[in-house]
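Visitor: Could you take me through this structure? I would like to begin with the general layout and then look at one residue.

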There are 2 protein chains.
Amino acid sequence: MTTFLHVSSSARKHNSISRALAKEFTNQWHAKFPTDKFIHRDIGSAPPNFISEEWIAAVFTLEEKRTDKQNSLLTLSDMLIKEITESDIILISTPMYNYGMPASLKAWFDQVIRVNKTFTLDLDRGDFPLEPTLSGKTLVLLSACGEFGFDVGGVREEMNHLGPHIRTASKYLGVDEYYEVRIEYQEFGDQRHARSIENAYSTISKVIKQIAGKK
Amino acid sequence: MTTFLHVSSSARKHNSISRALAKEFTNQWHAKFPTDKFIHRDIGSAPPNFISEEWIAAVFTLEEKRTDKQNSLLTLSDMLIKEITESDIILISTPMYNYGMPASLKAWFDQVIRVNKTFTLDLDRGDFPLEPTLSGKTLVLLSACGEFGFDVGGVREEMNHLGPHIRTASKYLGVDEYYEVRIEYQEFGDQRHARSIENAYSTISKVIKQIAGKK
């Protein structure tokens with residue numbers, strides 16, 4: 001059985017292109033594998049807390065020395081990390097806001113990338129002291145953006161801090177396989193947008209086939 | 001008179017390297033120009049709200065048609081944008097969290113980059129329909145990160161979604177001149193970190209000289 005963690009971060013509950021794309025993905029997957037499990041973490045509707053000075057101090061305190069207050073500060077982080085640990089595939093559906101993640105999605109990453117939980121830090125490893133403790137996970141990013149040309153070689157490649165940032169950060173959640181399906185041209189609302197939606201929907205079937213082939 | 005908007009986004013109030021660097025900057029500037037004005041927006045201590053579906057709807061409603069509730073949803077955004085409009089120089093001091101902005105800083109950007117306020121959207125402009133309404137501003141980014149090699153050509157260049165992202169986004173706040181002073185190697189706490197701090201402190205004097213020369 002495959003377990004998915006679906007993280008949706010659009011602030012929009014209705015008329016969200018990224019949420020609709022995720023619905024298509026989960027519907028297609030369910031049709032193929034009806035017993036697989038989806039955990040849904042809707043951070044667009046309920047964003048995680050920002051990390052605080054006290055949160056950082058709690059994280060750097062040895063587990064057995066943490067106060068009750070420190071433990072309660074980490075409850076949300078513990079729960080969000082548990083959802084990742086239990087999952088084989090992380091499905092993130094998100095709009096691009098101001099050329100990067102919505103703040104709510106960044107707040108989720110800041111809660112879940114955690115020393116001694118999802119990565120270890122050992123200076124004996126030399127110049128690359130961080131290593132993820134989890135592994136073998138796949139990330140599927142379903143994104144929507146107003147403009148276009150964010151691919152490698154595109155006119156806005158240099159402005160794209162959504163997919164490349166998520167890819168970098170997700171290494172520390174044990175992700176070693178990465179897919180992105182993107183809808184572009186939303187602000188233009190023209191034929192190119194319609195084609196981009198069409199392409200994304202048909203790419204989803206291909207991505208599902210690829211991932212399912214490795215099950 | 002030059003007006004600075006200092007945005008500080010470290011979750012740490014004590015022992016924050018980026019806050020200390022900003023203090024050095026403001027002290028040096030004050031020594032040169034004692035009557036210049038600094039507005040301090042401490043988003044590390046008090047992060048702005050995440051934008052919501054209702055916030056987006058309010059932003060896209062014509063000003064004269066907004067309800068009282070919509071106006072009150074935009075109060076914070078209005079205030080934060082006013083601080084930018086009044087400033088000649090935006091000084092952002094921030095740590096790198098998970099290879100990008102702290103979520104609190106992204107929440108600030110999501111509140112202040114706003115259609116018909118800091119940029120206009122006009123499809124008659126063709127493939128580049130967005131244009132900032134503000135101009136002539138300088139951004140000074142003072143950053144601190146645990147690892148190293150985030151510069152162009154560095155071993156972690158591809159992982160750097162802090163400075164390049166801020167640079168991309170700040171165009172829509174009227175920024176057309178950009179400086180970054182970065183302290184690296186924090187996690188290593190070794191000689192390289194000490195040297196990096198030293199370099200940053202001496203670079204600050206040079207940046208101040210450059211900016212002051214254009215006053």
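Guide: The answers below concern a predicted model.

Visitor: How many helices and strands does chain A have?

Guide: Chain A has 7 helices and 7 strands. Read along the sequence, their pattern is β-α-β-α-α-α-β-α-β-β-β-α-β-α.

Visitor: And how compact is chain A?

Guide: Its radius of gyration is 18 Å, close to the 17 Å given by the globule rule for 215 residues, so chain A is as compact as a globular protein of that length. The C-alpha trace spans about 60 × 40 × 35 Å along its principal axes.

Visitor: What share of the residues of chain A count as buried?

Guide: Of the 215 residues, 42% count as buried.

Visitor: A new topic: what turn lays chain A on chain B?

Guide: A turn of 180°, with a shift of 0.0 Å along the axis, lays chain A on chain B with an RMSD of 0.0 Å. That is the relation of a two-fold axis. In chain A, the C-alpha nearest the axis belongs to A:A103, 2.5 Å from it.

Visitor: Now for B:E83. Where is it placed?

Guide: B:E83 is in helix α4 of chain B, which covers residues 75-85.

Visitor: Why does B:E83 count as partly exposed?

Guide: B:E83 has 17 C-beta neighbours inside 10 Å. A residue needs 20 or more to be buried and 12 or fewer to be exposed, so a count in between is partly exposed.

Visitor: Which residues does B:E83 contact, leaving aside neighbours within four places in sequence?

Guide: Those contacts are B:L5, B:I39 and B:R41.

Key. Residues are numbered from 1 along each chain as its sequence is written. Chains are lettered from A and ligands numbered from 1 in the order in which they are written. This is a predicted model: local features need pLDDT of at least 70, side-chain atom pairs count only at pLDDT 80 or more; totals for chains, interfaces and linings use all residues. Helices (H or I, at least four residues) and strands (E, at least two) are DSSP runs, numbered from the N terminus. Two residues are in contact if their C-beta atoms, placed from the backbone, lie within 7 Å. Copies are superposed by least squares on the C-alpha atoms of residues with pLDDT of at least 70 in both. The radius of gyration is taken over C-alpha atoms; the globule rule is 2.2 Å times the number of residues to the power 0.38.
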